[in-house]
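I opened the notebook with a short list of things to look up. The pocket comes before the helix packing, and the backbone oddities come last.

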Amino acid sequence: MKRVLILFGLIITLGLFVTSCYKDVILPEAAVDPDGPPQFVSYSTDLAPLFNSSCALSGCHINGGPHKPYMNTDISWQQIVNGGFVDLNFPKNSKLYIEINGDMRDHIPSAKDRQKVYDWIRNGAPNN
């Protein structure tokens, strides 16, 4: 009887040991060369939904809200481009680029999304 209990205890211990050997693997984001050739970015497909979900829905950049530009999907392009938030001659000097890499970085934490904004500005900030 003692052998059976010891054997049972060893099997339970081994079972717990084997099932507890799980390790999360978190891969870092791929390095992005910010000054590499700009990739194609669609404002309506890539950026408008990002700005709407990250900026407008938080209540800060909503139409009539406390902060400009207003990032509602239907007016965000006009607000950003006509409001002086992009500098097509010096994209890194764009207010939008500076803010999403500074104080507003918490709202757009993905380096890939921030790179899309930068590439969009370098491509001339088209309404596409």
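Which helices each supply at least two residues of the lining of the largest pocket? I looked, keeping in mind that this is a predicted model. They are helix 2 and helix 4, the latter spanning 95-100.

**Entry: pocket**

I asked for the volume next. The largest pocket holds about 270 Å³ of space. I then pulled the residues around it. The lining has 17 residues, and those closest to the pocket centre are His61, Lys68, Pro69, Glu99 and Met104. I checked which helix gives the most to this lining. Helix 4 does, with four residues. I sorted the lining by class as well. Nine of its residues are nonpolar, five are polar and three are charged.

**Entry: Lys68 and Pro69**

Two of the residues closest to the pocket centre, Lys68 and Pro69, deserved a second look. I checked the peptide bond that runs from Lys68 to Pro69. That bond is cis, and its omega is near 0°. Most peptide bonds are trans, hence my note. I also placed Pro69 in the fold. Pro69 sits in the loop that links helix 2 to helix 3, where helix 3 covers 76-82.

**Entry: helix 2 against helix 5**

I went back to helix 2, since it also packs on helix 5. Helix 2 covers residues 43-56, and helix 5 covers residues 111-122. Their axes are 11 Å apart, and the packing angle is about 125°. Helix 2 is therefore oblique to helix 5. I noted the handedness too: the two helices make a left-handed crossing.

Which residues make the contact? From helix 2 I listed Tyr43, Asp46, Leu47, Leu50 and Phe51. From helix 5 I listed Asp113, Lys116, Val117 and Trp120. By class, the contact between helix 2 and helix 5 counts six nonpolar residues and three charged ones, with no polar residues.

**Entry: Ala125**

My last stop was Ala125, in the segment after helix 5. Is phi of Ala125 positive or negative? It is positive, near 55°, and this residue is not a glycine. I flagged the value against the general trend. Most residues other than glycine have a negative phi.

Note on methods. Residues numbered from 1 in each chain as written. Predicted model: local features only at pLDDT ≥ 70, side-chain atom pairs only at ≥ 80, totals over all residues. Heavy atoms only, no water. Axes fitted to C-alpha atoms, helices over the stretch in contact; angles between N-to-C directions. Parallel < 35°, antiparallel > 145°, perpendicular 65-115°, else oblique. Left-handed = near helix turned anticlockwise from the far one by under 90°. Contact = heavy atoms within 4.5 Å. Nonpolar A, V, L, I, M, F, W, Y, C, P; charged D, E, K, R; others polar. 1 Å grid on protein atoms, 1.4 Å probe; cavity = no way out; pocket = protein on both sides within 12 Å on 5 of 7 lines; lining within 4 Å. Points joined across faces, edges and corners; volume = space filled by probe spheres on them.
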